[in-house]
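Here are a few short exercises on charged side chains, each with a worked solution. Have a look at the model first, then try each task before reading on.

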Amino acid sequence: MFESFSNSEILSGMITPAVLVSACASLIFSTANRLGRIFDRVNFLKSEVELLLEGKRSFHEQRMVYMRHQLSVQKKRAVLIQRSMAFLYLATSLFIISSLALAFTLAFAKDLNWIPTVVALSGGICLFFASALLFYESRYNLTFINRQIEFTEFLERGIQEKLK
């Protein structure tokens, strides 16, 4: 029964999920940073809205429309980031479970060696979904950036017209 423990098959089979856990950890770290940037941006927009409400900014109506749009974009981005992080955490858990399941099935139940494969494949699917959401969020962020550039150009034109 325990002769399987000396088999290098267990150790070599556990390496791949460990590498995938490391990849997930890198994605989780960068995704958490993106979420932090969204939080910072929302705080900035909140401050801008407060200044508008106090009458300390020009182009009040245009800025309010812009702020509402930007807050809406940030809200959608935050949801996409949160969902991708959930998939990344799930993928990480599944990769760890597959690594442990591989060790247990090779040691005690070789006839169930399909279980770690199914669990690892499920982790891979979660990793794919997380990546797809992050890709969509980054494309959606481009909309935010373009709108910000357009609004800055609008403000520049408006100020130049006032100076004439």
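**Exercise 1.** Find the partner of Lys46 in a salt bridge, and work out where the two residues sit along their helix.

Solution. Start with the contact: in this predicted model, Lys46 pairs with Glu50, and their closest N and O atoms are 3.2 Å apart. That falls within the 4 Å cut-off, so the pair qualifies as a salt bridge. Next, place both residues: they belong to helix H1 (residues 8-53) and lie four residues apart, so about one helical turn separates them. Finally, check the surroundings: Lys46 is partly exposed at 44% relative accessibility, and Glu50 is partly exposed as well, at 36%.

**Exercise 2.** Decide whether Glu48, a salt-bridge partner of Arg57, is buried or exposed.

Solution. First, the side chains of Arg57 and Glu48 meet at 3.0 Å, N to O. Then turn to accessibility: Glu48 has a relative value of 8%, which is under 20%, so Glu48 counts as buried. Arg57, with 32%, is partly exposed.

**Exercise 3.** Classify the accessibility of Lys56 and Glu54, which form a salt bridge.

Solution. Begin with the distance, 3.3 Å from N to O. Lys56 has 56% relative accessibility and is exposed; Glu54, at 52%, is exposed too. Elsewhere, salt bridges with shared partners link Arg34, Arg77 and Glu137 into one network.

**Exercise 4.** How many salt bridges does a search of the whole structure find?

Solution. The search finds five, among them the Lys46 and Glu50 pair from the opening exercise.

Notes. Residues are numbered from 1 along each chain as its sequence is written. This is a predicted model: local features need pLDDT of at least 70, side-chain atom pairs count only at pLDDT 80 or more; totals for chains, interfaces and linings use all residues. Side-chain values use heavy atoms; hydrogens and water are left out. Buried means under 20% relative accessible area, exposed over 50%, partly exposed in between (1.4 Å probe, protein chains only).
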